[in-house]
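Hi! Here is the structure I promised to pass on to you. Have a look at it first, then read my notes below.

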Amino acid sequence: MIPMGGARRSKEQLLAEFHWLYDCFEAFHAAHGPLEGEEYQKLWQATVITRAQMLGWLENGHTASKILAGVRSALNDCVRTIRILPKDNPAKGAALHANYAAIRGRSLEGDIALAKEVRQ
């Protein structure tokens, strides 16, 4: 756990959190993509920055905290989708929640919260 004094975390701690959160991001896509169809899948593949690309940025001067911020930003969009979709399309929203839980064993937001344990 991070001490309340705001101690800096090591690169290894930041990367452990990054990997956990990127796993959440990939699981979200695996849960959501089939519900949206082939065009969505193609768009996702064409526009999403991969884990390998993000990790490659470390060799080009980016910091672990910067790539962690990037995956957090992407997950914010996922959380927004998982909250809004059930209102717009209850059946698709329920399927998204069920698909994600089937992949990771918990809700997206619960999974993201567990990243705090990885920070230790």
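**The largest pocket**

By class, the residues lining the largest pocket are 8 nonpolar, 2 polar and 1 charged. Here Ala, Val, Leu, Ile, Met, Phe, Trp, Tyr, Cys and Pro count as nonpolar, Asp, Glu, Lys and Arg as charged, and the others, Gly among them, as polar.

Before going on, a word on where this comes from: it is a predicted model, in which local features need pLDDT of at least 70 and side-chain atom pairs count only at pLDDT 80 or more, while totals for chains, interfaces and linings use all residues. Residues are numbered from 1 along each chain as its sequence is written, and side-chain values use heavy atoms, with hydrogens and water left out.

Back to the pocket. Its lining is made up of Tyr-22, Phe-25, Val-48, Ile-49, Met-54, Trp-57, His-62, Lys-66, Gly-70, Val-71 and Ala-74. The space inside comes to about 160 Å³. Which helix gives the largest share of the lining? That is H4, with 4 residues. H1 and helix H4 (64-88) each supply at least two lining residues.

How is a pocket found? Rolling a probe the size of a water molecule over the atoms shows where empty space is left. On a 1 Å grid over the protein atoms alone, a pocket is an open set of points where a 1.4 Å probe fits, with protein on both sides within 12 Å along at least five of seven lines, and lining residues have an atom within 4 Å of a point. Grid points are joined across faces, edges and corners, and the volume is the space filled by probe spheres set on the points.

**The chain as a whole**

The chain has 6 helices and 0 strands, so along the sequence it reads α-α-α-α-α-α, where helices (H or I, at least four residues) and strands (E, at least two) are DSSP runs numbered from the N terminus. Its C-alpha trace spans about 45 × 30 × 20 Å along the principal axes. Of the 120 residues, 28% are buried (buried is under 20% relative accessible area, exposed over 50%, partly exposed in between, with a 1.4 Å probe and protein chains only). Among contacts (heavy atoms within 4.5 Å) with a separation of 6 or more, 73% join residues 24 or more positions apart.

**Aromatic rings**

How many aromatic pairs does a search of the whole structure find? There are 3. Phe-18 and Tyr-22 form a tilted one, 5.8 Å centre to centre with 45° between the planes. For the rule, rings of Phe, Tyr and Trp (its six-membered ring) pair if their centres lie within 6.5 Å; planes under 30 degrees apart count as stacked, over 60 as edge-to-face and the rest as tilted. Phe-18 and Tyr-22 sit 4 residues apart in helix H1 (residues 11-36), about one turn of the helix, and both are buried. Together with Phe-25 and Trp-44 they form one aromatic cluster.

Trp-44 also turns up beside His-29, a residue of helix H1. Is His-29 buried or exposed? It counts as buried because its relative accessibility is 10%. Leaving out residues up to four places away in sequence, His-29 touches Pro-34, Tyr-40, Gln-41 and Trp-44.

Another ring to click on is Trp-20: Arg-104 lies over its face, 4.9 Å from the ring centre (a charge sits over a ring if NZ of Lys or CZ of Arg is within 6 Å of the ring centre and within 35 degrees of the ring normal).

**A few more residues to find**

- Arg-106 is in the loop between helix H5 (90-104) and helix H6 (108-118). It is partly exposed, with a relative accessible area of 29%. Beyond its neighbours within four places in sequence, Arg-106 is in contact with Trp-20, Tyr-100, Ala-101, Asp-111 and Leu-114.
- Leu-55 belongs to helix H3 (residues 51-56) and is partly exposed at 25%. Its C-alpha is 7.5 Å from that of Ile-67, 12 residues apart along the chain. Not counting residues up to four places away, Leu-55 touches Leu-15, Phe-18, His-19 and Ile-67.
- Ala-46, in helix H2 (residues 38-47), counts as exposed because its relative accessibility is 64%. The C-alpha atoms of Ala-46 and Glu-59 are 23 Å apart, with their positions 13 residues apart along the chain.

Have fun turning it around!
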